[in-house]
Each structure stands twice: as C-alpha cells, then as structure tokens.
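Trainee: Could you take me through the largest pocket in this one? I'd like to know what lines it, and then what the packing and the voids look like elsewhere.

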Amino acid sequence: MVRGVSFRVPDEVGSLLYDAVQMINFNKYFWRVDSEEVYTENQQGIAVPLFNNRVYNGIEFVRKIKLNKYYAMFAEIKAFPQGSRIVEIANFDEFINSDCDLVLLVSAGTFFEVYCKDDILSKMIFKNAAEHKFSEISYIDEYGYKKVSI
C-alpha cells in the first residue's frame, strides 16, 4: 500500500507548494495550515508570512500558493473535504482515522512529503514531481520505507 510520495524541490523562491500538488481539485477542500514558515515579500521587500489564517477555503488557498512567489522553509498543510470536521492530526494513525484526505509536509525548504489516502492521487503526485524534474522522488509504503523509483 502506498501512503504517499516524497521528493526534493529546488532551494528557491517560487510557487513550489502549488507546483507539488497542482493536480488537486483545491475547491473540494478546506485547507488547514499548521507549523508553517512560508515567507513572501511585501512591497517594501520585507519578508512576511504568506499565510495569516489557519484555515482557507479552496479558492483562497490556491490563490495564495499559485499567485504568490514565496520561500517555504517548513509547512504542515492538511486538506479536509468540505463539510467534514477539521481536527488536529499529530501522526499517521490519526490521519487515517480522520476525514483529512491529504497532508503536505515541507522541511528544510526542499524536502516534501505528501501523504494521501488515494493511491491514484499518490501516483499523480509522483508523476507530477517527475514532470517538474524534482529530485529523489520516492513512494512511501505502509512500513514507512521509501521505495525509490526515480
């Protein structure tokens, strides 16, 4: 069973959160942003947080991650279907037992892990990462081990 996909992105300012999961229908979800250090520049060139709310609807979220240029140091972003209960998730078991469909984790600015309950979506994310020429692309299996495919 595939639990998700991991990969590395370039260490640069851009729209990499969007690039990583652009195939998702963002409007189906409410997006909860936790533990984030994602910065964009204001008009004076000063770094400011990209996210100033904790929960966004799909339109607001995709607008933030697609139309802005930013640097994502750390992020924990979860997608909850509209109408579902948005809850705190601390581990994989809580993820599996929640309504949350997807968790996007960013660490050290370049390491991305995307956990999702849909194997087809995992394959789409893997293919998308390859098309964007991200590196170290791997599936994460049910044992937590990464099966390197690229």
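Mentor: Sure, let's start with the lining. In this predicted model, the largest pocket is lined by E76, K78, I89, A90, N91, F92, F95, V103, L105 and Y115. Three elements each give two or more residues to that lining: strand β5 (71-81), helix α3 (92-96) and strand β6 (102-107). Sorted by class, you get seven nonpolar residues, two charged and one polar. The volume comes out at about 160 Å³.

Now for the packing. The largest nonpolar core has 37 residues, and the members that touch the most others are F7, L17, F51 and L102. Helix α1 (residues 16-21) supplies the largest share of this core, with five residues. There is also a second, separate core of nine residues, with V87, C100, V103 and Y115 among them. Two of those names should ring a bell: V103 and Y115 also line the largest pocket.

F7 is worth a click in your viewer. Beyond its neighbours within four places in sequence, F7 is in contact with A20, T110, F111, F112, V114, I125, A129, F134, S135, E136 and I137.

As for enclosed space, the structure holds one cavity of 30 Å³ or more. The largest cavity has a volume of about 50 Å³, and its lining is made up of P10, E12, L16, Y70, Y71, A72, G109 and F112. By class that is six nonpolar residues, one polar and one charged. F112 links two parts of this tour, as a contact of F7 and as part of the cavity lining.

Key
Residues numbered from 1 in each chain as written. Predicted model: local features only at pLDDT ≥ 70, side-chain atom pairs only at ≥ 80, totals over all residues. Heavy atoms only, no water. 1 Å grid on protein atoms, 1.4 Å probe; cavity = no way out; pocket = protein on both sides within 12 Å on 5 of 7 lines; lining within 4 Å. Points joined across faces, edges and corners; volume = space filled by probe spheres on them. Helix = DSSP H or I, 4+ residues; strand = E, 2+ residues; numbered from the N terminus. Nonpolar A, V, L, I, M, F, W, Y, C, P; charged D, E, K, R; others polar. Core = buried A, V, L, I, M, F, W, Y, C linked by side-chain atoms within 4.5 Å. Buried < 20%, exposed > 50% of the residue type's maximum accessible area, 1.4 Å probe, protein only. Contact = heavy atoms within 4.5 Å.
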